[in-house]
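Colleague: Before I use this model, I want to test the labels on it. Show me the structure and then defend each term.

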Amino acid sequence: MANKKILILSGSPKKNGNTAALVGWFSEGARSKGAEVEIVETAFLKYKSSGCASCRTCQEIEEYECVIDDDAKSVLKKMVHADMIVMATPLYFFGPSAQLKIVFDRMFSLYKWDNKADTMKTPLKGKTLVLIASAYESAGLAALEEPFKMTAGYTGMQFKSLLVPNAGESGEVNKIPGIREKAIAFGAAA
Ligand SMILES: Cc1cc2nc3c(=O)[nH]c(=O)nc-3n(C[C@H](O)[C@H](O)[C@H](O)COP(=O)(O)O)c2cc1C
């Protein structure tokens with residue numbers, strides 16, 4: 001069987017912060033089991049649009065792709081070819097970072113809706129969506145998890161998460177006892 005393809009969208013503006021550490025440990029675990037892991041840092045992509053333009057052109061074409069020709073378009077293509085999509089983000093005001101949300105919203109182009117027939121098709125169906133997030137407090141992380149879990153359910157994806165509280169400052173995740181081992185094991189089981 002071919003190796004599992006894992007695409008990680010890492011949405012922190014901090015190159016060496018908590019998200020980067022968690023993504024690194026997750027990847028280490030996943031690679032130890034033979035997975036092919038690619039990490040995309042969404043904060044450093046070049047965009048031609050400040051988000052989904054809601055042009056709906058994607059709904060008029062046969063391909064599952066965004067018509068805005070920038071870095072997000074190629075990341076969306078990679079999502080179609082991955083077995084597992086990991087979204088990693090710091091908690092920003094009870095939601096994901098804008099740097100992750102910009103790609104998340106453009107995932108609209110990977111769905112085709114027929115409202116008359118009440119149908120939805122997507123090549124994401126059957127894949128796994130993983131959320132990795134850190135924050136100062138756990139209450140906010142529970143709120144953050146909801147849109148990801150609901151999107152996975154709506155899409156027909158499996159859902160898993162690793163939510164890490166007590167990381168209020170970037171770098172603090174390294175001081176949490178056992179978190180490195182937990183994140184590696186989470187990646188190995190992915
Ligand atoms: C703009 C901003 C908003 C934040 N909002 C919250 C929040 O609502 N709740 C919380 O517990 N932590 C919040 N935090 C803390 C971050 O979620 C936390 O430090 C995270 O682990 C940082 O990850 P990073 O090092 O990868 O950037 C916020 C931090 C920033 C910069």
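Colleague: What makes the side chain of serine 170 a polar contact of the ligand?

Modeller: A polar side-chain atom of serine 170 lies 2.5 Å from an oxygen atom of the ligand. A polar contact is a pair of N or O atoms within 3.5 Å; within protein, one must also be able to donate a hydrogen and the other to accept it, and residues adjacent in sequence count only if both atoms are side-chain atoms. The value 2.5 Å meets that cut-off, so the pair counts. Taken alone, the ligand exposes 650 Å², and the protein buries 78% of that. Those areas come from the Shrake-Rupley method with a 1.4 Å probe; for residues, only the protein chains shown count as cover.

Colleague: What is the ground rule for these values?

Modeller: The model is predicted: local features need pLDDT of at least 70, side-chain atom pairs count only at pLDDT 80 or more, and totals for chains, interfaces and linings use all residues. Residues are numbered from 1 along each chain as its sequence is written, and side-chain values use heavy atoms, with hydrogens and water left out.

Colleague: Which other atoms pair with an oxygen atom of the ligand at threonine 19 and alanine 167?

Modeller: At threonine 19, an N or O atom in the side chain is 2.6 Å from a ligand oxygen. At alanine 167, a polar backbone atom is 2.9 Å from a ligand oxygen.

Colleague: How many residues surround the ligand, and of what class?

Modeller: The count is 18, with Thr19, Leu91, Ser134, Gly168 and Ser170 the closest. Near here means a heavy atom within 4 Å. The shell has eight nonpolar, seven polar and three charged residues. Ala, Val, Leu, Ile, Met, Phe, Trp, Tyr, Cys and Pro count as nonpolar, Asp, Glu, Lys and Arg as charged, the others, Gly among them, as polar.

Colleague: How do you know that the span of helix α1 agrees with expectation?

Modeller: Helix α1 covers residues 18-32. Helices (H or I, at least four residues) and strands (E, at least two) are DSSP runs, numbered from the N terminus. The expected span is 1.5 Å times one less than the number of residues. For the 15 residues of α1 that gives 21 Å, and the end C-alpha atoms are 21 Å apart, so the two agree.

Colleague: Why is serine 27 called buried?

Modeller: Serine 27 lies in α1. Buried means under 20% relative accessible area, exposed over 50%, partly exposed in between (1.4 Å probe, protein chains only). Serine 27 has 1%, so it is buried. Leaving aside neighbours within four places in sequence, serine 27 is in contact (heavy atoms within 4.5 Å) with Ile8, Val37 and Ile39.

Colleague: Is valine 103 buried or exposed?

Modeller: Buried, because its relative accessible area is 0%. Valine 103 sits in helix α3. Its contacts, beyond neighbours within four places in sequence, include Thr42, Leu45 and Val75. Threonine 42 is 61 residues away in sequence, yet 7.4 Å away in space, C-alpha to C-alpha.

Colleague: Why is asparagine 166 called exposed?

Modeller: Its relative accessibility is 54%, so asparagine 166 counts as exposed. The residue is in the loop between β7 and α5.

Colleague: What is the sign of phi at asparagine 166?

Modeller: Positive, near 65°, in a residue other than glycine. Most residues other than glycine have a negative phi. Phenylalanine 94, not a glycine, also has a positive phi, about 65°. Phenylalanine 94 is in the loop between β3 and α3.
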